[in-house]
Amino acid sequence: MTDKAAPKPKTKKTTKRPAVKRVSSGKGGKKRANKKSPNKSGWGRKIWSITWKLGVIAAVVVAAYGIYLDQIIARKFEGQKWHLPAQVFSRSMALYPGAAVSHGQLMSELKLLGYRKVANPRQVGEFSASKTKIDLWRRPFLHPKGDQTEQRVMITFDSNGISSVARSSDQRQLAVFHLEPVLLDRIITGDGEDRLFVAADKMPQAIIDALILVEDRSFYEHHGVNPFAILRAAMVNISAGRTVQGGSTLTQQLAKNFFLSSERSLTRKLREALMAIIIDFRYEKDEILEAYLNEVYMGQDKARGVHGMGLASQFYFGRPIGELTLPQQAFLVAVIKGPSYYNPWRYEERAQKRRDLVLRLLMEAGELNVAQYEAAVESPLGLRKSDKPVHQKLPAFFAVVKHELATRYGDALLQQSGIKVYTTLDPMAQEAAEKAVKQTLKQLGKNDESLQVGMVLTDKYSAGIAAMVGDKVPSYQGFNRAVEIRRPIGSLIKPFVYATALNQPKKYTLATPLKDEPITLKNGQGKTWSPQNVDRKFRGQVPLLTAFKKSMNVPTVNLGMAIGVSSVATTLDKAGWKDKIPEYPSMLLGAVNGSPLMVAQVFQTVADNGRYRHLNSVTTVLDGDNQPLVAPKRTATQAIPVASNYLVKYAMTQVVDNGTAKRLGSTFPSTTLAGKTGTSNDSRDSWFAGFDERNVAAIWVGRDDNGKTGLYGSSGAMAVYQAFLKNRPPLSLRMAPVDGTVQGYFDRNSGAAKQADCGNVVKVPALRESYQPVANCGEPLPWWKKLIGG
């Protein structure tokens, strides 16, 4: 039954015959045509089938690829768009009644910050000045203690510095008023890109208008890609025979800059277009515009790529973008087309023509009237001077900053995006120090080209490092002699010998006679040592102050041995000397190795009334959200009692007045300065440490090979300090007596305390408990005075 139900031959007959009949029916050409049609129809169906299937597959692939690109784009846009380099700022100058800031110093600071001197300030960033007043309209800025708004003030000066700071709006006297800090540099870590982020709402409207007119007129209408612009550009390029116009939208340019290489290929262009469509779909136009304005490549600053309008403003004009003139804003848009081709320092005429084209487009669009346009195209480019760097070259100081950041905040700090580091650097002090080093070493180097230098300046009030130079070529990135050398400090140790002694008021005053007789001691190796004065003479005895200001060796050693070498070492340690101190007699004459930074630390203590505060280079660090980062606090200690420290400061002023640094005193005769010279054995190291009312200085001059220099402290290191003060006029020390001190009168020979009207006395400050003058100048009373009880 199964075989009969499905006979095989019958199946073939029913399937083939009707087809054969249809194929063979009819005659001639008609028959042939009908014969081909089934094959043709079958191929068509196959092609269609394959096509729509491939289309579906392609659509799925494109959709999947689009989802993949969408995730990449989302991570970039909704996460951290850029790694913003750490911004490093100088100290913020504080202005307040009594501040040790001169009229000239403030003028220099304002010019450094890019303020414009005018007859009458009418906007932010301007100031006017008379002999005793400065009328200033300060910019808004981010201060470590919070945002500072723009404000206009009148600053008045007297002979001591600032006498008043009054707000112009209501004449209110301000307790303290800050200037914005100088942006010293940005620490680049990684891709070599440098930028300053500027929010879209802080961007000048003229820049946005000009950008859209020049680069993408239909920016607010298209959806990431503009087919008409692409077609138009293609036609122009074909007719020109070369690429003269691009059809990319701002969104496409952003996609390329953010995610793609500059490779010229169809694949890359298609990917760029797809990403642009996704970006446009996902994000608001203003957000896309903000990203573009901060991403666009604007030029090259040596090894650094300049990205974004904010940094470009500083790079080309040395000013914040909000203070640019309209022609300067137009130039920033003009240079986008080709930063190298339109480099204004190399091709000024070409750059100006391009800028003028942008201005013309603004006029044609109704953004400028004819008069404004004509005035704008007549204006010069107004570039910063090419020899004025955008960022400061401070290798010695930045090395200290990076070390402190790692020590106090951790090694990973600089990898964070957008941090702001506020330092202690005083840009004016740094500039003066660099000039002094170059001038002096050039002069000294005529006799010895191998001479080198290390210099540290501190701010007496903040205990911050105000300036640092580590090489006779200050910009040299190498061995930092301000920090890394270890050389015998010579007579710079003597103030700490005398500070130790003067803290024993019952034994020592500035008038106490000291032995100046030959002495033989054993050094650390067990060998005998007989110190000598520089002139190889002995005077029997000399007053303590004379021994100090003339830097006499033998009286100092006799004094040091009397009070104990270990006591001197303790004083030096408390003052901030953190290296091991060899407690041998030779230490009393400076057989202690140190660096300018170490010397600056201990003399900062003396300048700061005996108070030890660890020198620092960083005051505050803000994170990417402008919140302060917490770091361990350093405490201050009273290393040297205030009263005895005052006597040491006085003695140091006498060194400058009529001692080993009297050449410095004669250069600045109306200024009270404190100083101490130092020279190591065989004149291998020349040292100077000193201070005025504002800065403490520590300077070394010598040779890297430890060879003889033929220089004393007064002829080498002090010459650098002298040049520094010529570049930055000093402020006279305020030597008001402190609690526990009195004006004393002492016998010149015996050192005994006497009354002011006694003969042969010397007038010097003294500790109150050490000044107990004898009656009747130490002479027996006449019989008649005894009789009346006088």
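Hi everyone, let's start with a pair of helices: the axes of α7, residues 250-259, and α8, residues 266-282, come within 8 Å and cross at roughly 110°. That crossing angle makes α7 roughly perpendicular to α8, and the crossing is right-handed. Please keep in mind that this is a predicted model.

So, which residues of α7 meet α8? On the α7 side we have T251, Q252, A255, K256 and F259. Their partners in α8 are R268, K269, E272, A273, M275, A276, I279 and D280. Sorted by class, this contact has 6 nonpolar, 2 polar and 5 charged residues.

Now let's move along the chain to helix α13, residues 370-378. Which of its residues are buried? Those are Y373, A376 and V377. If you look down the axis of α13, the buried residues fall within an arc of 90°, so they line one face of the helix. As a reminder, an α-helix has 3.6 residues a turn, so residues three or four places apart point the same way. Turn to the other side of α13 and you find A371, A375 and E378, which are exposed. And what covers the buried residues? The cover includes α11, residues 326-335, and α12, residues 348-364.

Let me finish with the whole protein chain. It has 24 helices and 31 strands. Of its 790 residues, 51% count as buried. For those of you who like contact maps: among contacts between residues at least 6 apart in sequence, 67% join residues at least 24 apart. Thanks, everyone!

How values were computed: Residues numbered from 1 in each chain as written. Predicted model: local features only at pLDDT ≥ 70, side-chain atom pairs only at ≥ 80, totals over all residues. Heavy atoms only, no water. Axes fitted to C-alpha atoms, helices over the stretch in contact; angles between N-to-C directions. Helix = DSSP H or I, 4+ residues; strand = E, 2+ residues; numbered from the N terminus. Parallel < 35°, antiparallel > 145°, perpendicular 65-115°, else oblique. Left-handed = near helix turned anticlockwise from the far one by under 90°. Contact = heavy atoms within 4.5 Å. Nonpolar A, V, L, I, M, F, W, Y, C, P; charged D, E, K, R; others polar. Buried < 20%, exposed > 50% of the residue type's maximum accessible area, 1.4 Å probe, protein only. Arc of directions from axis to C-beta.
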